[in-house]
Amino acid sequence: AGEGAARLVDGCTVLPDAAVAREEHFTYCERLYLNPLSATGPAWDAVLPARLYTLRLDEWQLAPPPPPPPRLPRLPRWLRLSRRSRPAVGGGELPRGIPPPLPLAMPPPGSSLRFFHIIKTGGESLELHLAAHPHPPLDYSHCRRAATGSGWRRNLSTSAGAACAAAAASVSGVLCAANCECCASDVRVGGGFNGLLIRSPRAHLLSLFSHCHTAHTRNTWSRVAADLPQYAAEVVLRATEHACGSYCGTSFDGNWSAALAEALAARPRAEALSVLPLHNTQAHALSCSTAGGSLGQHFRVLGGAGGGADALEPPLEPALSRLHAFEWVGLTDLLEPSVCLLHYQANGSLPASCDCRAAAPLAMPRFNHGVERRDHEALPAHLQAALDEHTAVDAQLFAAGLRLLLGRLRRVEEATGASLLACVDWTKLHRATYYIPGLWEGPGALSSGSV
């Protein structure tokens, strides 16, 4: 259509049965008007044909009404009181269940942070911050050594078909070397200053799924141009999916909600290798090992001639043991306090912006890969339950990481006199994590009162 051409509009005409003279024959005529300015008719080859349907309303069955939206959880009593009583920044009540001050690993001055990057936990945001505040400096040499190790080569003949296994091993090697997206047991350096970020389980799964869904169905040229290396990595990963017959997110439905429902309803087949399944991704990253038969953080070896080295529900204890072995553990959901802890451990002092009483508090950069952020509370109850089923191990891992972080922050407060916990947005944290069993309610929970 040329400039100024009219926009094509769909429409419909409804006629009751009484308006049709004979049941077997019906003639439909549509009047096409001339252009009043040029006195010309339409482009006849562009005229849309009419489609005729008979709708028998007496035979229709109305669909059941949609389920009501899930009720938001009731805030614990201490948190309701705190919201009424505390000022906008600092002060107010804290949950009684915060762990006591925990010991801190204090590396020698000038030590580098050997960062272990679990996908979709905010590693790029940390890198952006440390690029502007280069103490501690980041060290990825341990990741490059792990990427060139021989563990993945031993798995090529047993984990999957040759093309699939070779592609998966290559992708794992590149992403481990470039982004330190490795298996934890392959990269942690004994005696070094090792750190990682973990994320609340629902937010992590939604972020991973949304990234997969965007890369498969909603890529735009602006998103590609904004991060060409990311787009190249996504292209290679899609080629690996094709070679393995396994796809991140499992659904190609353009509708995000429908695709999420389909992905959560599907369970990976007991195939030799699965690409980025949505089950307990963080626990897998902490428990996998190329020496033990894994092919990296992005893949699960679930079968094959050598048997499955990985699981959709990794055992909790090995993942917890590796988590506690890291000298610095941060949370994406409490990124600013986590980074303040990092600076104190690395430098022996706190930036002034870390104190709740600071006029200009620390604000971390955010990096979203061109993916829309989704709120788990906007989902219907059955999908929320499916998220929890997929992240049962990750949930307990996150609960342990949160208690570890809070106890270490109390140690920093004790050592410096700074206020770090009073300006935590406890309401936001509760809404992000209230579904984790035992975290906010019950024996040893956080919300048993106030200090």
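## Exercises: cores and salt bridges

Glutamate 327 is buried, at a relative accessible area of 14%; buried means under 20% relative accessible area, exposed over 50%, and partly exposed in between (1.4 Å probe, protein chains only). The model is predicted: local features need pLDDT of at least 70, side-chain atom pairs count only at pLDDT 80 or more, and totals for chains, interfaces and linings use all residues. Residues are numbered from 1 along each chain as its sequence is written, and side-chain values use heavy atoms, with hydrogens and water left out.

**Exercise 1.** Find the salt bridge partner of arginine 188 and place both residues.

*Solution.*
- Start with the rule: a salt bridge is a side-chain nitrogen of Lys or Arg within 4 Å of a carboxyl oxygen of Asp or Glu.
- Arginine 188 pairs with glutamate 327; their closest N and O atoms are 2.8 Å apart.
- Now place them. Arginine 188 is in the loop between α7 (184-187) and β2 (194-198), and glutamate 327 is in the loop between α13 (316-325) and β5 (328-331), so the pair ties together parts 139 residues apart in sequence.
- Helices (H or I, at least four residues) and strands (E, at least two) are DSSP runs, numbered from the N terminus.
- Check exposure. Arginine 188 is partly exposed, with a relative accessible area of 30%.

**Exercise 2.** Describe the salt bridge between glutamate 377 and arginine 431.

*Solution.*
- The two side chains meet at 2.6 Å, N to O.
- Glutamate 377 sits in the loop between α14 (335-347) and α15 (381-390), while arginine 431 belongs to helix α17 (residues 426-433).
- The pair links distant parts of the chain, 54 residues apart.
- Glutamate 377 is buried at 11% relative accessibility. Arginine 431 is partly exposed at 35%.

**Exercise 3.** How many salt bridges does a search of the whole structure find?

*Solution.*
- The search finds six.
- Another of the pairs is aspartate 355 with arginine 357, with closest N and O atoms 2.9 Å apart.
- Aspartate 355 is buried at 17% relative accessibility, whereas arginine 357 is exposed at 60%.

**Exercise 4.** Describe the largest nonpolar core.

*Solution.*
- A nonpolar core is a set of buried Ala, Val, Leu, Ile, Met, Phe, Trp, Tyr and Cys residues joined through side-chain atoms within 4.5 Å.
- The largest has 64 residues; Leu286 and Trp426 are among those with the most contacts inside it.
- Helix α16 (residues 392-416) gives the largest share of this core, twelve residues.
- Apart from this core lies another, of 30 residues, including Val171 and Phe299.
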